[in-house]
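Reader: I am new to protein structures and would like to learn how to read one. Please take me through it step by step.

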Amino acid sequence: MIYPSYPMKLACSLFFGVSALAALVQASPKVDVAAELQRWNQGNPGGIAVAWVDADGVQFYQSGQFDAKDPRPITPDTQFEIGSISKVFTGLLLADCELQGRVKRGDPAAKYLLPANDAQQAALAKITLVSLATHSSGLPRLPSNMISATALDPYANYTRALLVEALRHDGVDAPTASATAYSNFGAGVLGESLAAALGVSYEAALGKNVLKPLRLDAT
């Protein structure tokens, strides 16, 4: 199996602590992974890192450099932005919070993001933590108040306050019991709801409850 990590910015490691295994035993891919990576990445800015995992162990391959203006080569220890892999971590955080008794999967997100006596609590009650985790909340892919959707990093200046504002605006008319529809917006609402339930930031919640127990020290 190939687990690729794509360019280009430094942020989080995608190797999930398997590098130590590579020193003990190495995988045996049936194809020339290094050549395939070179061919795939040829002419592209940035680079790629791959962990090949099979019954024989783990083998690392990489190609390219940080970006067109940064000649540092990609290595097995290069850190990448993990993008939507964060949704996997957020799902784990939900499971852990439920095991701790801090939330229930059927709880409305509004329970944690809005004041208890807020007039919109009832209207937003249909948007539950589990519906957010399973992309069945009816929320759109992106919140309506994200005005820099074409920017290099449209999420850089997007705050919890803006997220709650969008939930109030977009959540009331979100279709219930709709077909599954992928939603970055919904994943953000889930993460911030869990963080609010724990009384900390999303980063702190993830670090303490998911990354540290799994010893993902470079993530």
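Author: Let's begin with how much of a residue is covered. A residue is called buried under 20% relative accessible area, exposed over 50%, and partly exposed in between, using a 1.4 Å probe and protein chains only. Arg160, with a relative accessible area of 32%, is partly exposed. Thr90, at 4%, is buried. For the whole protein of 219 residues, 39% count as buried.

Reader: What kind of model am I looking at?

Author: This is a predicted model, in which local features need pLDDT of at least 70 and side-chain atom pairs count only at pLDDT 80 or more, while totals for chains, interfaces and linings use all residues. Residues are numbered from 1 along each chain as its sequence is written, and side-chain values use heavy atoms, leaving out hydrogens and water.

Reader: What is the mean pLDDT of the protein?

Author: First the idea: pLDDT is the predictor's confidence in each residue, on a scale from 0 to 100. The mean for this protein is 86, and 86% of its residues reach 70 or more.

Reader: Where does pLDDT stay under 50?

Author: That happens over residues 1–24. Where pLDDT is low, the predicted coordinates should not be read in detail. Among the elements, strand S1 (residues 2–5) has the lowest mean pLDDT, 38, and helix H4 (residues 110–113) has the highest, 98.

Reader: How many helices and strands does the protein have?

Author: Both come from DSSP runs, numbered from the N terminus: helices are H or I runs of at least four residues, and strands are E runs of at least two. Here we find eight helices and four strands. Along the sequence, the pattern is β-α-α-β-β-β-α-α-α-α-α-α.

Reader: Which residues of helix H2 are buried?

Author: In H2, which spans residues 33–41, they are Val33, Leu37 and Asn41. These three cover an arc of only 55° around the axis, which puts them on the same side of H2. The arc is that of the directions from the helix axis to the C-beta atoms. Just after H2 comes Gly43, with a positive phi near 85°.

Reader: What do the buried residues of H2 pack against?

Author: For packing we look at contacts, meaning heavy atoms within 4.5 Å. The buried residues of H2 pack against strand S2 (47–54) and strand S3 (57–67). Gln59 is located in S3, and Gln59 is buried, with a relative accessible area of 17%. Leaving aside residues up to four places away in sequence, Gln59 touches Gln26, Ala27, Val50, Ala51 and Trp52.

Reader: Which residues does Thr90 touch?

Author: Thr90 sits in helix H3. Again not counting residues up to four places away in sequence, its partners are Ala187, Leu190, Gly191, Leu194, Tyr202 and Leu206. Thr90 and Val210 are 120 residues apart in sequence, and their C-alpha atoms are 8.7 Å apart. Across the protein, 67% of the contacts with a separation of 6 or more join residues 24 or more positions apart.

Reader: How many salt bridges does the structure hold?

Author: A salt bridge is a side-chain nitrogen of Lys or Arg within 4 Å of a carboxyl oxygen of Asp or Glu. The structure holds six. One of them joins Arg160 and Glu192, with the closest N and O atoms 2.6 Å apart. That pair links distant parts of the chain, with Arg160 in helix H6 and Glu192 in helix H7 (residues 184–198), 32 residues apart.

Reader: Why does the salt bridge of Asp118 and Arg168 tie together parts that are 50 residues apart in sequence?

Author: Their side chains meet at 2.5 Å, N to O. Asp118 lies in the loop between H4 and helix H5 (129–133), whereas Arg168 is in helix H6 (residues 160–171), so the pair ties together parts that are 50 residues apart in sequence. Asp118 is buried, at 17% relative accessible area, while Arg168 is partly exposed, at 26%.

Reader: Which residues make the nonpolar surface patch of about 330 Å²?

Author: Patches are made of residues with over 30% relative accessible area and no salt bridge; like charges are joined within 9 Å, and nonpolar side chains (Val, Leu, Ile, Met, Phe, Trp, Tyr) within 5 Å. This one is made by Ile85, Val88, Leu92 and Leu214. Val88 belongs to helix H3 (residues 85–99).

Notes
Accessible areas come from the Shrake-Rupley method with a 1.4 Å probe; for residues, only the protein chains shown count as cover.
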